[in-house]
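User: I would like to go through this structure with you step by step, beginning with the aromatic residues and then turning to the sheets and the relation between the chains.

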Protein chains: 2
Amino acid sequence: MKNPPSLDQLISALKVLPGVGPKSAQRMAYHLLQRDKAGAEKLARALDRALTQLTHCERCNTFSETTLCNVCADDKRRQDTLMVVEMPADLANIEQSQCYDGLYFVLMGRVSPMEGIGTNDIALAKLMARALDGTVEEVIVATNFTAEGEATAHVIGELLKDKGVKLTRIARGLPVGGELEYVDLGTLAQAVYERRGLTR
Amino acid sequence: MKNPPSLDQLISALKVLPGVGPKSAQRMAYHLLQRDKAGAEKLARALDRALTQLTHCERCNTFSETTLCNVCADDKRRQDTLMVVEMPADLANIEQSQCYDGLYFVLMGRVSPMEGIGTNDIALAKLMARALDGTVEEVIVATNFTAEGEATAHVIGELLKDKGVKLTRIARGLPVGGELEYVDLGTLAQAVYERRGLTR
């Protein structure tokens with residue numbers, strides 16, 4: 001007794017999703033076919049639409065349906081500051097915090113030997129060209145403070161040092177509301193090393 | 001700053017998958033668009049194909065591309081025994097164990113008030129018609145030994161009792177290799193209650 005081929009194909013296709021193994025793929029396929037055919041149809045159309053319409057912003061590399069994304073097309077933003085983030089979700093969160101009015105560059109990934117993602121698999125060449133196009137004075141590296149994000153920050157540092165742009169990294173330290181008693185020791189140590197003047 | 005609409009639509013469409021919330025949907029969308037466009041295309045096509053080609057076996061209700069599935073179309077199998085399972089995956093596992101050569105009925109679900117699945121949402125009416133079509137002498141209820149599976153077995157028992165077919169339930173007890181010291185107490189108690197003659 002075998003599954004019908006179209007069911008097997010769907011189960012195998014669902015395994016392209018990150019974090020989805022054979023068992024979840026099977027559960028997802030049953031769910032879609034048994035309880036949510038409209039959802040399956042919606043998913044197929046959304047995939048088609050995204051594949052045909054989404055491209056990368058020519059300037060900052062984020063996902064965009066237009067040549068320039070909304071942020072890059074906005075000439076009221078500071079043009080001389082470029083913040084480098086890993087993913088569009090990071091950009092979205094910074095935008096929500098309303099702390100920054102410069103432009104961005106989205107790497108669309110991080111250096112991660114574990115996942116087989118090397119320096120050529122993220123947009124470092126495009127970042128170099130953008131950072132050194134003459135309009136940028138400061139590059140703020142805002143990759144994550146994970147092993148991969150730190151490695152990526154290091155690589156960017158090596159590529160852009162002594163090229164005439166100011167290079168900075170967002171700060172580490174205690175989060176808002178953080179208590180010394182409960183914060184992890186690595187963060188606590190960084191907060192002490194990177195202490196700053198109390199009165200500016 | 002908002003996501004392009006086609007990206008938002010894809011993220012929202014991925015949330016139809018069971019167990020996928022906003023964060024995983026976003027991660028899946030980025031992965032597909034950034035690292036596996038071929039996979040995304042494959043998934044869209046597999047969804048389309050499954051939606052157009054898959055239907056339910058007229059007799060046993062499992063997924064099939066043909067009117068009768070392979071098992072039901074096989075006239076070398078015992079025609080007088082019908083095993084009721086929840087899902088095609090259960091059927092597949094029983095087939096792999098090679099312990100059964102009768103026919104099946106696949107409910108495509110279980111009664112589950114928690115998930116809002118009532119007696120009308122699984123194929124109980126179709127099961128009644130099949131079990132009482134005159135060819136079946138024994139109905140073996142092989143739903144899971146979970147709360148939902150047991151409730152479903154109870155409902156089937158109520159529907160089919162005194163209808164002239166023999167009704168049985170697969171056995172509970174210790175698994176092969178099970179040790180009394182480590183097995184859970186509920187299973188142990190059932191194994192004692194349902195003890196059987198040592199020599200048949």
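**Aromatic pairs, sheets and symmetry**

Analyst: B:Tyr100 has a relative accessible area of 12% and is therefore buried. Please keep in mind throughout that this is a predicted model.

User: With which residue does B:Tyr100 form an aromatic pair, and how are the two rings arranged?

Analyst: The centres of the two rings lie 5.2 Å apart, and their planes make an angle of 65°. Planes over 60 degrees apart count as edge-to-face. The partner is itself buried, with a relative accessible area of 1%. The arrangement is thus named by its angle, and B:Tyr100 is paired edge-to-face with B:Tyr104.

User: Over all chains, how many aromatic pairs does the structure hold?

Analyst: Such a pair is described by the distance between the ring centres and the angle between the planes. Counted over all chains, the number of aromatic pairs in the structure is four.

User: Which residue of chain B forms an aromatic pair with A:Tyr30, and is A:Tyr30 buried or exposed?

Analyst: A:Tyr30 has 6% relative accessibility, and because buried means under 20%, it counts as buried. The pair that A:Tyr30 forms is stacked, with 5.9 Å from centre to centre and 25° between the planes. It crosses between chains, leading from helix α2 (residues 22-35) of chain A to strand β2 (residues 63-64) of chain B. The partner in chain B, which counts as buried at 4% relative accessibility, is B:Phe63.

User: In what order do the strands of the open sheet in chain A lie, and which of them are the edge strands?

Analyst: The open sheet of chain A is made of four strands with parallel pairing, in the order β4-β3-β5-β6. Two of these strands pair on one side only, which makes the edge strands of chain A β4 (103-106) and β6 (166-169).

User: Which residue is the bridge partner of A:Val139 in β6(A)?

Analyst: Strand β5 (residues 138-141) of chain A runs parallel to β6(A) and is joined to it by four bridges. Within β6(A), the bridge partner of A:Val139 is A:Leu167.

User: At about what angle does helix α6 of chain A run to β6(A)?

Analyst: Helix α6 (residues 147-160) of chain A lies across three strands of that chain, namely β3 (81-85), β5 and β6. Relative to β6(A), the helix runs at about 170°.

User: Turning to chain B, at about what angle does helix α4 run to β4(B)?

Analyst: Chain B has an open sheet of four strands, paired in parallel in the order β4-β3-β5-β6. Helix α4 (residues 88-97) of chain B lies across β3 (81-85) and β4 of this chain. The angle between helix α4 and β4(B) is about 160°.

User: Which residue is the bridge partner of B:Val141 in β6(B)?

Analyst: Strand β5 (residues 138-141) of chain B pairs with β6(B) in the parallel sense, over four bridges. In β6(B), the bridge partner of B:Val141 is B:Arg169.

User: What kind of axis relates chain A to chain B, and which residue of chain A comes closest to that axis?

Analyst: A turn of 180°, with a shift of 0.0 Å along the axis, lays chain A on chain B with an RMSD of 0.0 Å. This is therefore the relation of a two-fold axis. Of the residues of chain A, the one whose C-alpha comes closest to the rotation axis, at 2.2 Å, is A:Ala44.

Note on methods
Residues are numbered from 1 along each chain as its sequence is written. Chains are lettered from A and ligands numbered from 1 in the order in which they are written. This is a predicted model: local features need pLDDT of at least 70, side-chain atom pairs count only at pLDDT 80 or more; totals for chains, interfaces and linings use all residues. Side-chain values use heavy atoms; hydrogens and water are left out. Two strands pair if DSSP finds at least two bridges between them. Helices (H or I, at least four residues) and strands (E, at least two) are DSSP runs, numbered from the N terminus. Contact means heavy atoms within 4.5 Å. Axes are lines fitted to C-alpha atoms, for helices over the stretch in contact, and angles run from 0 to 180 degrees between N-to-C directions. Copies are superposed by least squares on the C-alpha atoms of residues with pLDDT of at least 70 in both. Rings of Phe, Tyr and Trp (its six-membered ring) pair if their centres lie within 6.5 Å; planes under 30 degrees apart count as stacked, over 60 as edge-to-face and the rest as tilted. Buried means under 20% relative accessible area, exposed over 50%, partly exposed in between (1.4 Å probe, protein chains only).
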